[in-house]
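Student: Could we go through this structure together? I would like to start with the overall arrangement and then turn to individual side chains.

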Amino acid sequence: MANFSTFLRLQTLFHPITIPYRQSEGWGDERIEVDGCEISFSYEAVGVQVSFAGDITQTRSMAIVEEIRQYIELVCGQSAETLQIAW
């Protein structure tokens, strides 16, 4: 069973490394805002679904997801993979 400090670390796991962001409220298991775009994270059986709601380019969204993937690898010490399902 995870302790409270592990829980707090996981609550801040989904964010980019260098791109400015802020925590936000809303649907999904976790949510942040980058460049005025809401980004939600929903835990699924095979991983985490990342959804963007707002005006953002595909290039910018992929850069954000890549930084989040790198941060997850850094914190967890395991490799992570991203799969783009739709745009």
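Tutor: The discussion below goes from the sheet to the core and then to the charged side chains.

Student: What kind of model is this, and how are residues numbered?

Tutor: This is a predicted model, in which local features need pLDDT of at least 70 and side-chain atom pairs count only at pLDDT 80 or more, while totals for chains, interfaces and linings use all residues. Residues are numbered from 1 along each chain as its sequence is written, and side-chain values use heavy atoms, with hydrogens and water left out.

Student: In what order do the strands of the sheet come, and is the pairing parallel or antiparallel?

Tutor: The sheet is open, with four strands in the order 1-2-3-4 and antiparallel pairing. Helices (H or I, at least four residues) and strands (E, at least two) are DSSP runs, numbered from the N terminus. Two strands pair if DSSP finds at least two bridges between them.

Student: Which strands stand at the edges?

Tutor: Strand 1 (22-23) and strand 4 (47-53) do; each has a single partner strand, so one side of each is left without a neighbour in the sheet.

Student: What packs on the sheet?

Tutor: Helix 2 (residues 58-76) does, touching strand 2, strand 3 (37-44) and strand 4. The direction of helix 2 makes about 145 degrees with that of strand 4. Such axes are lines fitted to C-alpha atoms, for helices over the stretch in contact, and angles run from 0 to 180 degrees between N-to-C directions.

Student: How many bridges join strand 3 to strand 4?

Tutor: Seven bridges join these antiparallel strands, and the two form a hairpin with two residues between them. Within this pairing, E38 stands opposite A53 in strand 4.

Student: And how many for strand 1 and strand 2?

Tutor: Strand 1 pairs with strand 2 (residues 30-34) over two bridges, again in the antiparallel sense. The bridge partner of Q23 in strand 2 is I32.

Student: Now the interior. Which residues have the most contacts inside the largest nonpolar core?

Tutor: They are F14, V34, I39, F41, I64 and I68, in a core of 13 residues. A nonpolar core is a set of buried Ala, Val, Leu, Ile, Met, Phe, Trp, Tyr and Cys residues joined through side-chain atoms within 4.5 Å. Strand 2, strand 3 and helix 2 each supply at least two residues, and the largest share, four residues, comes from helix 2.

Student: What does V34 touch?

Tutor: Leaving aside neighbours within four places in sequence, V34 is in contact (heavy atoms within 4.5 Å) with P16, I19, P20, Y21, I39, R60 and I64.

Student: Where does I72 sit, and which residues is I72 in contact with?

Tutor: I72 is in helix 2. Beyond neighbours within four places in sequence, I72 contacts L13, F14, G77 and A80. The C-alpha atoms of I72 and F14 are separated by 7.4 Å, although the two are 58 residues apart along the chain.

Student: Is H15 buried or exposed?

Tutor: H15 is buried, because its relative accessible area is 10% and buried means under 20%, with exposed over 50% and partly exposed in between (1.4 Å probe, protein chains only). H15 lies in the loop between helix 1 (4-11) and strand 1. Among its contacts outside four places in sequence are I32, E67 and Y71.

Student: What about E67: which side chain of opposite charge is nearest?

Tutor: That side chain is R60, 6.7 Å away; E67 is buried yet has no salt bridge. A salt bridge is a side-chain nitrogen of Lys or Arg within 4 Å of a carboxyl oxygen of Asp or Glu. For charge, Lys and Arg count as positive and Asp and Glu as negative, while His and the chain ends are not counted.

Student: How many salt bridges are there in the whole structure?

Tutor: The search finds five. In one of them, the side chains of R22 and E33 meet at 2.5 Å, N to O. This pair links distant parts of the chain, with R22 in strand 1 and E33 in strand 2, eleven residues apart. R22 is partly exposed at 45% relative accessibility, whereas E33 is buried at 18%.

Student: Which residues are linked in a network of salt bridges?

Tutor: E66, R69 and E73 are. The closest N and O atoms of R69 and E66 are 2.5 Å apart, and E73 meets R69 at 2.7 Å. R69 and E66 both lie in helix 2, three residues apart, and E73 and R69 are four residues apart in that helix. R69 is buried at 17% relative accessible area.
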